[in-house]
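Biologist: I want the reasoning behind each label, not just the labels. Shall we go through them one by one?

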Amino acid sequence: MVEKLGETAAIRLHPKGFIHRYEIGSGRYAGRSLTLVKPLTFMNRSGEILKPVLREAKAARDDILVVFDSLDLEPGV
C-alpha cells in the first residue's frame, strides 16, 4: 500500500535507521506535504520507529495516518 501511494505521489522511499529500521520518503501530493514511512520490522515492533520518524519529519502525533492490512485477525494468524 505504501509503495503504491509512493508511486502515485512520485515519492521514493529510502532506508533509514540502524536500530529502528524503516524506509521514509517525503514530497507533495494534492498540494499538501506528505511523508511516507514503511517499517521494516515485525508488525508488533513497528511502533518503535514512531519517535525517530516524528523527529525526522518534524511532525506531531496528530499528523499520523496509520494504514495496515491485517485488521481483525485472530491472535497468531
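Modeller: The search of the whole structure turns up 3 salt bridges. Keep in mind that this is a predicted model.

Biologist: What makes Lys 38 and Glu 3 a salt bridge?

Modeller: The cut-off is a Lys or Arg side-chain nitrogen within 4 Å of a carboxyl oxygen of Asp or Glu. In the pair Lys 38 and Glu 3, the closest N and O atoms are 2.3 Å apart. The pair therefore ties together parts that are 35 residues apart in sequence, because Lys 38 sits in strand E3 and Glu 3 in helix H1.

Biologist: Why are Lys 38 and Glu 3 called partly exposed?

Modeller: Buried ends at 20% relative accessible area, and exposed means over 50%. Lys 38 has 26%, so it is partly exposed. Glu 3 has 36%, so the label is partly exposed again.

Biologist: How do you know that Lys 16 and Glu 56 form a salt bridge?

Modeller: Their closest N and O atoms are 3.9 Å apart, and the limit is 4 Å. So the pair counts. Lys 16 belongs to strand E1 and Glu 56 to helix H2, 40 residues apart, so this pair links distant parts of the chain. Both are partly exposed: Lys 16 at 37%, Glu 56 at 35%.

Biologist: And what makes Glu 48 and Arg 45 a salt bridge?

Modeller: The closest N and O atoms of Glu 48 and Arg 45 are 3.0 Å apart. That falls within 4 Å, so the pair qualifies. Glu 48 is partly exposed at 33%, and Arg 45 is partly exposed at 44%.

Biologist: Now the sheet. How do you know that E1 and E2 pair?

Modeller: Pairing needs at least two bridges. E1 and E2 are joined by 3 and run antiparallel, so they pair. His 14 stands opposite Ile 24 in E2.

Biologist: What makes E2 and E3 a pair?

Modeller: Strand E2, residues 22-29, and E3 have 8 bridges between them, in the antiparallel sense. At least two are required, so E2 and E3 pair. Ser 26 stands opposite Thr 35 in E3. Arg 28 has Ser 33 in E3 as its bridge partner. E2 and E3 form a hairpin with 2 residues between them. Ala 30 in that turn has a positive phi of about 55°.

Biologist: Why are E1 and E3 called edge strands?

Modeller: The 3 strands form an open, antiparallel sheet in the order E1-E2-E3. E1 and E3 each have a single partner strand, so one side of each is left without a neighbour in the sheet. From one strand to the next, the twist averages 35°.

Biologist: Where do the helices lie on the strands?

Modeller: Helix H1, residues 2-9, lies across E2 and E3 and runs at about 150° to E3. H2 packs on the sheet and touches E1, E2 and E3. The direction of H2 makes about 35° with that of E2. The buried residues of H2 are Pro 52, Val 53 and Leu 54. These buried residues pack against E2 and E3. Lys 58 follows H2 and has a positive phi, near 50°.

Biologist: Why is Ser 46 called buried?

Modeller: Its relative accessible area is 18%. Buried means under 20%, so Ser 46 is buried. Ser 46 sits in the loop between strand E3 and helix H2. Leaving aside neighbours within four places in sequence, Ser 46 is in contact with Pro 39 and Thr 41.

Biologist: Why is Glu 74 called exposed?

Modeller: Glu 74 has a relative accessible area of 58%. The threshold is over 50%, so Glu 74 is exposed. Glu 74 lies in the segment after H2. Its C-alpha atom is separated from that of Leu 50 by 25 Å.

Biologist: What makes Ile 64 eligible for the nonpolar surface patch?

Modeller: Members need over 30% relative accessible area. Ile 64 has 37%, so it clears that cut-off. By its label, Ile 64 counts as partly exposed. Ile 64 lies in the segment after H2. The patch is formed by Met 43, Leu 50, Ile 64, Val 66 and Phe 68, with about 480 Å² of accessible area together.

Key. Residues numbered from 1 in each chain as written. Predicted model: local features only at pLDDT ≥ 70, side-chain atom pairs only at ≥ 80, totals over all residues. Heavy atoms only, no water. Helix = DSSP H or I, 4+ residues; strand = E, 2+ residues; numbered from the N terminus. Buried < 20%, exposed > 50% of the residue type's maximum accessible area, 1.4 Å probe, protein only. Contact = heavy atoms within 4.5 Å. Patch = residues over 30% accessible without salt bridge, like charges linked within 9 Å, V, L, I, M, F, W, Y side chains within 5 Å. Areas by Shrake-Rupley, 256 points an atom, 1.4 Å probe, with all protein chains shown as cover. Axes fitted to C-alpha atoms, helices over the stretch in contact; angles between N-to-C directions.
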